[in-house]
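I opened a predicted model today and made notes on what I looked up. The entries follow in the order I took them.

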Amino acid sequence: MTLEQLKQSWVSNSKPEVQARLWDRASADYKNKPLPDPEKDPFLKRLREEVPLHEGIRTLDVGCGAGGYSLALAPFVTEAVGVDISGGMIEIARARGKELGIANAAFSVLNWSEADIDALGFRNRFQVVFAHMTPAVCDYATLEKMDACAARLCMLQKPTRRRDSVLDRALELVGILPEAADQAMVRTYNYLWEKGYEPHFVYDRETWHTERATEDMVGWCTDRAKLRKELTPAEEAEIACFVRSLSENGIVSECTTTTRVTTIWKKEI
C-alpha cells in the first residue's frame, strides 16, 4: 500500500470530548503513582540505549498522561515536554513536577489529532519523540505528526492482543467486538517502511490487575463504548447493570493481559 493509499484509508474518529472525559476520570489513579525508574523501566532503558541522554537533548511525550515518563527523563535532558488531551492528567503532571523541583519539564493540554506542529514550533525540535501506551497516536495523521517532530529517534508503544476481563464483556453486550489493534501495528509498519525507515520491534507480554469503584467502572466502560458507537439509553443501562453485578463491597476487579509492542525508528535529518 502506498503512503497516499494509507493516508486515505487510515483515519480515526478519536472523539476528543469523550477521550478527555475518560482520562480525566482516570487521572485520580495516577496522583500517587511512583515515577518509572530510568534504570529499571523497560521502555526507558531501551530509549536510553538508542539515544544517550545528555544536555542538549529535548524530548516530547505525546499523550503523556500524568507525566511520569517526562519527569523521569527530565534530570538527564535539557527539556522534557509532555502533551495530553486530559486537563486532569496535565494538572497532576504539573503539580508533581513542582513538588519534585523539576524546572525543565513542561506540560500542556493538547488534542494531538488537531495539533498544528508548525504553529507550536514542534517540527524537528525534539531529538527524541515517544508515545507510550496512549490512544493519541491512532492513525496516519497523528503518526505523521509524531514522526515530523523528531530529529533523531521515535518510540511508539501500543497494546496488542489485549484482553480486559470486564471491559470486553461490557462491550460485547452492546455489539462491539474487540478493537483490531494488531491491524494498527501493521499500518504503522507500512507507513514507516514506505517512508524509508527500517523500524525494529520489541515485544513484552504483561498481565495486570486493577480495581475501580463500581460507578467509576461503569463510567469507564460506558465511555470506552462511546468511543466506538453511539449508545442508546437502553445500552448504557445494560452496561451499568452488568458492571454493578460484578461489584463486591463497592469495588469491581479486572484482569488485563496484553502484548506491548514497542516500535523504534531512527531518523537522519
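Entry 1, a pocket. I listed the lining of the second largest pocket and found Thr160, Arg161, Asp182, Met185, Val186, Tyr189, Phe201, Tyr203, Arg205, Thr259 and Val261. I then asked which elements give two or more residues to this lining. They are strand S5 (150-164), helix H8 (181-194), strand S6 (200-213) and S7. H8 gives the most, with four residues. By residue class, I noted six nonpolar, two polar and three charged residues in the lining. The space in this second largest pocket comes to about 230 Å³.

Entry 2, Thr263. I looked up Thr263 next and found it in strand S7, which runs over residues 251-266. Is Thr263 buried or exposed? Its relative accessible area is 0%, so I put it down as buried. Leaving out residues up to four places away in sequence, I listed what Thr263 touches: Cys154, Met155, Leu156, Met185, Thr188, Leu192, Pro199, His200 and Phe201. Two of these contacts, Met185 and Phe201, also appear in the lining of the second largest pocket. I also checked Thr263 against Ala150, which is 113 residues apart from it along the chain; their C-alpha atoms are separated by 14 Å.

Entry 3, cysteines. How many disulfides does the whole structure hold? My search found zero. I wanted to know why Cys154, one of the residues that Thr263 touches, has no such bond. The closest cysteine sulfur to that of Cys154 is in Cys149, 8.3 Å away, and this is too far for a bond because a disulfide needs the two sulfur atoms within 2.5 Å. Cys154 is buried, at 0% relative accessibility. Cys241 is in no disulfide either; the nearest cysteine sulfur belongs to Cys221 and is 13 Å away. I noted Cys241 as exposed, since its relative accessibility is 53%.

Entry 4, backbone angles. Most residues other than glycine have a negative phi, so I wrote down two that do not. Asn124 has a positive phi, near 60°. Where does Asn124 lie? I placed it in the loop between strand S3 (105-109) and strand S4 (126-132). At 37% relative accessibility, Asn124 counts as partly exposed. Met133 is not a glycine, yet its phi is positive at about 55°. I found Met133 in the loop between S4 and helix H6 (140-149).

Technical notes:
Residues numbered from 1 in each chain as written. Predicted model: local features only at pLDDT ≥ 70, side-chain atom pairs only at ≥ 80, totals over all residues. Heavy atoms only, no water. Buried < 20%, exposed > 50% of the residue type's maximum accessible area, 1.4 Å probe, protein only. Contact = heavy atoms within 4.5 Å. 1 Å grid on protein atoms, 1.4 Å probe; cavity = no way out; pocket = protein on both sides within 12 Å on 5 of 7 lines; lining within 4 Å. Points joined across faces, edges and corners; volume = space filled by probe spheres on them. Nonpolar A, V, L, I, M, F, W, Y, C, P; charged D, E, K, R; others polar.
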